[in-house]
Amino acid sequence: MDTMRERFASVVSRLLDEDPRLAVVLAEIGADGFRRAAERHPDRVVNVGIREQLLVGVGGGLALTGMRPVLHTFASFLVERPFEQLKLDFGHQGTGGVLVSAGGSYDWPAGGFTHMAPGDVALLDTLDGWTVHVPGHPDEAEALLRRACAGGDGGGDDRVYVRLSAQTNARPLPVTGEGFLTVRRGGPGAPAVVAVGPLLDGVLDAVRGLDATVLYAATVRPFDAAALRAAVAGSGAPEVVLVEPYLAGTSTAAAAEALADVPHRILGLGTARAELRRYGTAAEHLAAHGLDPRSLRERITGFTAGAAV
């Protein structure tokens, strides 16, 4: 199976052939994947070199001319380093485009903390109007990328962030770019566990044999408040667990707002704020953050047991 990044390069290369409004902007990273596309469309595949602020500025400029720019590099260089440009060149200017990241929170530990961005989604939450997709499989990434490149998330000039990962679930789900999917239904009053993107398989393993409803979120912004409310309907004091592959608690405010009119408890699981100062492997980082199935089961059962005390 190809990776999400490989699927991104192949799909968007084909879309460049089909849509003259599309343009790709790179900052060295990922350039090999678009080599042939650059030969066919030298004016619409732009490599600005290792200049991430310029990457975003060029994308914003292309958007002002009516193009649909697709910007790609590691998440830390796409969201964190050029954040001011995102705020101004897209948000303030009212332009649209597609950000496609790689690296995520700890996909390439050997790159060190410079190549990790556990706070990327939380940072985008400070800006208005961004749709955020977190696919859990290359097939889902393709579907969401096609939608984003076509401007299907808001009429053609919307702002979309697609967070690709080296981690994947075993099987894709039929994601549409809107809302959460119910993949497991618990009994009345069962806690609702929201599994984001590539963490779904681990969550399903963690809750095996437990009474729990599991929602799958490949699109996390807008947050699907209706699906969450429906999942806990009939529960006097709903319990919600959010399992996200980025900073723990990123979506707790959105979940709390969805349940603002009922007493509820929320547990936000994700990467810790403290930096892990050992390279290790992605699997070791997953476990160190308590996101492996065994740790998730302990944390979920501990949370729900606490409600009964």
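**Cavities, a buried strand and two odd backbone spots**

Me: How many cavities of 30 Å³ or more are there?
Reply: Four cavities reach 30 Å³ or more. A cavity here is a set of points on a 1 Å grid over the protein atoms alone where a 1.4 Å probe fits but cannot get out; points are joined across faces, edges and corners, and the volume is the space filled by probe spheres set on them. This is a predicted model, where local features need pLDDT of at least 70 and side-chain atom pairs count only at pLDDT 80 or more, while totals for chains, interfaces and linings use all residues. Residues are numbered from 1 along each chain as its sequence is written, and side-chain values use heavy atoms, with hydrogens and water left out.

Me: What's around the largest cavity?
Reply: The largest cavity holds about 90 Å³ and has 13 lining residues (an atom within 4 Å of a point). Ser105, Phe113, Met116, Pro118 and His289 lie nearest its centre. The lining splits into seven nonpolar, four polar and two charged, where Ala, Val, Leu, Ile, Met, Phe, Trp, Tyr, Cys and Pro count as nonpolar, Asp, Glu, Lys and Arg as charged, and the others, Gly among them, as polar.

Me: And which residues line the second largest cavity?
Reply: Among them are Val175, Glu178, Leu181 and Tyr216. That cavity has a volume of about 60 Å³, and its lining has four nonpolar, four polar and one charged residues.

Me: Switching topic: is strand S1 buried or exposed?
Reply: Five of the five residues in S1 (22–26) are buried, meaning under 20% relative accessible area with a 1.4 Å probe, protein chains only. Leu22, Val24 and Leu26 sit on one side and Ala23 and Val25 on the other, and both faces are covered. Strands are DSSP runs of E, at least two residues, and helices are runs of H or I, at least four, numbered from the N terminus.

Me: Which strands does S1 pair with?
Reply: S1 runs parallel to S3 (68–74), joined by five bridges, with Ala23 opposite Pro69. S1 also pairs in the parallel sense with S2 (45–47) over three bridges, and Leu26 has Asn47 as its bridge partner there. Pairing takes at least two DSSP bridges.

Me: Where does Glu28 lie?
Reply: Glu28 lies in the loop between S1 and H2. Glu28 has a positive phi of about 75° although it is not a glycine.

Me: Which peptide bond is cis?
Reply: The bond from Arg221 to Pro222, with omega near 0°. Pro222 is in the loop between S10 (219–221) and H9 (225–231).

Notes:
Buried means under 20% relative accessible area, exposed over 50%, partly exposed in between (1.4 Å probe, protein chains only). On a 1 Å grid over the protein atoms alone, a cavity is a set of points where a 1.4 Å probe fits but cannot get out, and a pocket is an open set with protein on both sides within 12 Å along at least five of seven lines; lining residues have an atom within 4 Å of a point.
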